[in-house]
Structures are given as C-alpha cells and as structure tokens.
Amino acid sequence: MYSPLQALSSYWLAILISSVVAASLAILGMHLAARDRSVQTLCVTQGSMFGVLIALGIGGYFHENFFTTSIMPLIGAFVFANVTYKISEKFIAGKLASKNTVLVAIFAILISFCQLASALFPSLESHMTQKFFGDLATIANKELILILIVSVAVAVLLIKNWKDFSCESFDLALFGRAGIFGGRQIDPRIFQISSFVLICISVQAMGFLFTTGALLIPTTIQGVIRSRGLWRHHVSVAILASSATFIGFSLSIMSGKLPTVPTIIFIMTILGYPVLRLLSRSPLVAEV
Amino acid sequence: MEIMLQIEKLSYGTPTGRPLVKDVSFNVSNGDIAVIKGPNGIGKSTFLKIVSGFHKQLNGRIKNFSGPEKMVFFPQISGGEFHIDLTILDVLKISLGRRFDTAMILDFGLLNKGHFSRSWNTASGGEKQRTLLTRVFLQDSNVLVLDEPMNHLDKETRLQVKKKILDYVNNTGQQKVRRAVILVTHESFESTDLKRGNLINVDLGQFKYRRRSQVTSKIATELT
C-alpha cells in the first residue's frame, strides 16, 4: 500500500535540493528578464536540451554509467547552448528582422531538431518526454549533489555581487551595453558563463519545463505586482520559486499520481500573486 | 596645455559600411570643451561612440592619454522602462557603488530628497536625465563624453547642467585633476566663463565624405 509520508521521507533530499536550485534559477531569471533576454534564454535552453538528447543518443550505444547518462549530456548541453547563443547573437546583431521574430524562429527549428534526434536514436523516445517535462523524483543522488554545488555557487555569486550585476542589467536594458559609465565593472563573461552552466545542468537534470518555469515565472509575477525595490525583487523571487518547488514537489510525491514539475509550476502560478504581494509589504525583505 | 585626447584622420560610416565622415583630426587638452556639431545623419552620436571605444572607425586613430577607465560616456536613452521596478535611489546605489553617498548626491544639486523614492519606470524624461547626469558627474573620471545631455531638461536645469560642465573642466571644488569634455549639444558655450581658447567647435559637416577636409581655426592652429 502506498504511504505518502514514507514516500516523502524517501525524497527529502531531492525536494530540498530542487528548492535551492529553483531559488538560484529565479534570481538568474530576474537578470535575464531585466536584460530582455527571456526569448533568447528559451532558445538557449532548447539548444541545451538538443545537446542533452544528442549526447544521450550517442551514449545509448555504450555501456550505461554516470559518464554516459550525466556527464556526456552535460557536455552536450553546454556545447549546443553555446552554439545556439552564438548563432542567435549573430542574427540579432545583423537585425535581419525583429529580435523576437528571429529568436522564435530559432526556437521552432530547435524543437524540430529535438524531435528529429529522437527519431534517429530510438533509445531517446522516453528521454525526450523526461527531459522536456522533467521528473525530479528520478534524479540520481550524484546528479543532485552536482546541481546543488553549481546552483549554490551561482546563487552566492549573484547575491554577493547583486549591485554590480543589477547595474550591468540596467545598462544593457537601457543603453544596449554595459560599462559605458565608468566606475567598477564586473567582467560580463562571469554572468554569461555562470548562467550557461546553471541552465545547462538544470536542463540536464531537471528538464526544460522546470528550468524555464523557475527562471521566468517568479520574476514575471513580481513584475506584474510592481513592488518597488531591487533587493526586495531578489529575495521575493527566490522565496516564491523555492517555496513553490518545495510544496509542489511534496504534493506530487504524496499524491503518487501528480507529475512533479507541472505541479510545481501550478503551485508557483497560484501562489505567486498572494505570496509576492505579501512580501512586497513585509519588513522581512526590506531594502538594504 | 596637456593633450588628453588625440583624434587623427578619423573616418567612419554607417553600420552597412557607407562612409559618412572623412579625416577628422583634432586634439582635446586639459580644460577643453569640444562641441560636436553637424547636420542630421552625419553621425554625431556615432562619432562619440567611436571616441568612447564602443564603435569601430573605418580609418584613423584615437589616442586617449587618460586611459579608457577614466573616460565616461553618457549616451542617449534608447529604452525607457526597466523590468525591475527600481527607485531613483536604487539606480544611483547600483551604479555609483562605493562612491554612493546621499549627501554628495544632494550636494550636486540635480536631485532632491523627493526624487529618491520615485520609481524609475514612472519618472519623467527630465528626472531620468537628471539621475543619469548625476551618475555620470559623480564617477571618478578625466574625460566626459556626453551625447545630448540637455535632452528633456527645462531651461533652468539646462543652465545648471551647463554650469556643471564648466565646473567639471575648471575643477571647481575638486583637487586639481586634468579634465575635458566632448559633447553633442545644441547649447552654445560661446558666452560662458570658459577660459579663452578652451572651446573647440567641431563641425562634422565640414568633414563630410568626398569633400575636401576643413578644420576649425582652433584645430588648424593646433595641427600646424
């Protein structure tokens, strides 16, 4: 007989680590949205998913181990995310059409590439759905530890240098480039590399839907509420993403029927407005 | 007078490679204000971007003797809103870093306490311009490159900014450092208390591509 509490106790590590990853993704997503890079992020995420699938397809011909099921897909994700980014940057810079039109076209092409890859490698059929919708309950402990280390490192980096990264986001959004006003600047490659690493490892382990959801949903709702203040935005999106992941994941495990990621996204959506509204007035997240 | 910026035979064009201006040459020295003028479409903003190192020229050389970290570029605002609802104080806090000091900001005079809590996204064009100008002037710099700094400002504030520019090059209230300003503006600096010979008027229209290059009297004197 299915015991919800027993199931919950078996997945506590996955639930906790997923909540930390979600918070880290939400802070990163806030900067990406501020830089008007949301659609490009969608493309890069899809590109990294294509890389994961190709690597899993090739890995299917070899003996299954941690390298072929985790490290190879991660390398694939990183390579294809980079390629997607470079191509999209080239087309955006060329201004052949509007920025979003170009990016949506690239996104459509990548979706079809993923589908083609799953047709070429028969072993990918099950992986395709899993990597798209994600299944947090099936992540191996080794992978969980790896993603925990990466997401904590990125979160610490973003929080420690929150003023510098925010300034960079502000200048990029308003003037199209950073570093024009002089003063102390953080190397723009630091943000780029850390976002690539976190997105790739998250797509590889947690799937496309969880990654894009945690990146963009909290900051979108926070933007709708228009609660003023930069630090408040940082803390609020992190709290919403991690609490929704914690509750959604736990509910999914306890029910035994609900899929993990869609439940998390659902909770994030329905809790988003009231939670962020509450936080917008809370002295707990006062400006620093 | 110490040369701070040397522009030699600079030619540039549109992003598609169509040449606009050919062989612009002039020097900017300590205490100078160089006012860039010219007809619409000649590329005045492009010229400032090239000088600041954010755009590539077709030909020619720019020597910045202060170093790129001491040159601050103030572009025209291309987009108004920001995804995160920042206050004006937030904007100054993140952009001034360790130099952030509310007393210094108030003392500078373009903003008052009432501005601080206003949302950047709903602030007027003038308030945004005041905020960004405060940000620019409070940086540690030797050369300011300003693209239409008086945009969106009322007459009184335009005069205030003009005075700030003069104070900047004249080092008023600061320890003596070498300073110069290059700007695109419709304001005239002719009848100001700028030291004689420190005003450079550069008309890019006279350097228009395929026309014989001409230089202003001051530049001609400097080059000979």
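**Exercise 1. Pairing of β1(B)**

Task: Determine how many bridges join β1(B) to β4(B), and which residue stands opposite I7(B).

Solution. Step 1: strand β1(B) and strand β4 (residues 59-64) of chain B run antiparallel and are joined by 5 bridges. Strands here are DSSP runs of E with at least two residues, helices are runs of H or I with at least four, and both are numbered from the N terminus. Two strands pair if DSSP finds at least two bridges between them.

Step 2: the residue of β4(B) opposite I7(B) is I62(B).

Step 3: β1 (residues 3-13) of chain B is also joined, by 7 bridges, to β2 (residues 19-29) of chain B, again in an antiparallel arrangement. Within this pairing, Q6(B) faces N27(B), and G13(B) stands opposite P19(B).

Step 4: the hairpin of β1(B) and β2(B) has 5 residues between the strands, and G17(B) in this hairpin takes a positive phi near 95°.

The model is a predicted one, in which local features need pLDDT of at least 70 and side-chain atom pairs count only at pLDDT 80 or more, whereas totals for chains, interfaces and linings use all residues. Residues are numbered from 1 along each chain as its sequence is written, and chains are lettered from A and ligands numbered from 1 in the order in which they are written.

**Exercise 2. The side of chain B that touches chain A**

Task: State how many residues of chain B are in contact with chain A, and which element supplies the largest share.

Solution. Step 1: 28 residues of chain B are in contact with 24 residues of chain A. Contact requires C-beta atoms, placed from the backbone, to lie within 7 Å.

Step 2: on chain B, β5 (71-74), α2 (88-96) and α5 (125-137) each supply at least two residues of this side. The largest share, 6 residues, comes from α2(B).

Step 3: by class, this side of chain B has 13 nonpolar, 10 polar and 5 charged residues. Nonpolar covers Ala, Val, Leu, Ile, Met, Phe, Trp, Tyr, Cys and Pro; charged covers Asp, Glu, Lys and Arg; the others, Gly among them, are polar.

Step 4: P75(B) lies in the loop between β5 and α2 of chain B. Apart from neighbours within four places in sequence, P75(B) is in contact with F175(A), I180(A) and D147(B). P75(B) counts as buried, with 22 C-beta neighbours inside 10 Å. A residue is buried if 20 or more other C-beta atoms, placed from the backbone, lie within 10 Å of its own, exposed if 12 or fewer, and partly exposed in between.

**Exercise 3. The two sides of α5(A)**

Task: Identify which residues of α5(A) are buried and which are exposed.

Solution. Step 1: helix α5 (residues 99-120) of chain A has 22 residues and reaches 32 Å from its first C-alpha to its last, close to the 32 Å expected at 1.5 Å a residue. The expected span is 1.5 Å times one less than the number of residues.

Step 2: V102(A), L103(A), I106(A), L110(A), C114(A), A117(A) and S118(A) are the buried residues. They cover an arc of only 145° around the axis, and therefore lie on the same side of α5(A). The arc is that of the directions from the helix axis to the C-beta atoms.

Step 3: T101(A), A108(A), S112(A), L116(A) and A119(A), on the other side of α5(A), are exposed.

**Exercise 4. α11(A) and the nonpolar core**

Task: Establish how many residues of α11(A) are buried, and which members of the largest nonpolar core touch the most other members.

Solution. Step 1: helix α11 (residues 230-255) of chain A has 26 residues, and its reach of 38 Å is close to the 38 Å expected. Of these residues, 19 are buried, so α11(A) is largely enclosed by the rest of the structure.

Step 2: H234(A), in α11 of chain A, is buried, with 24 other C-beta atoms within 10 Å. Beyond four places in sequence, H234(A) is in contact with I27(A), M30(A) and W162(A).

Step 3: in the largest nonpolar core, which has 144 residues, A26(A), A241(A) and V145(B) touch the most other members. Such a core is a set of buried Ala, Val, Leu, Ile, Met, Phe, Trp, Tyr and Cys residues joined through C-beta atoms within 7 Å. Helix α2 (residues 12-34) of chain A gives the most to this core, with 14 residues.

Methods: Contact = placed C-beta atoms within 7 Å.
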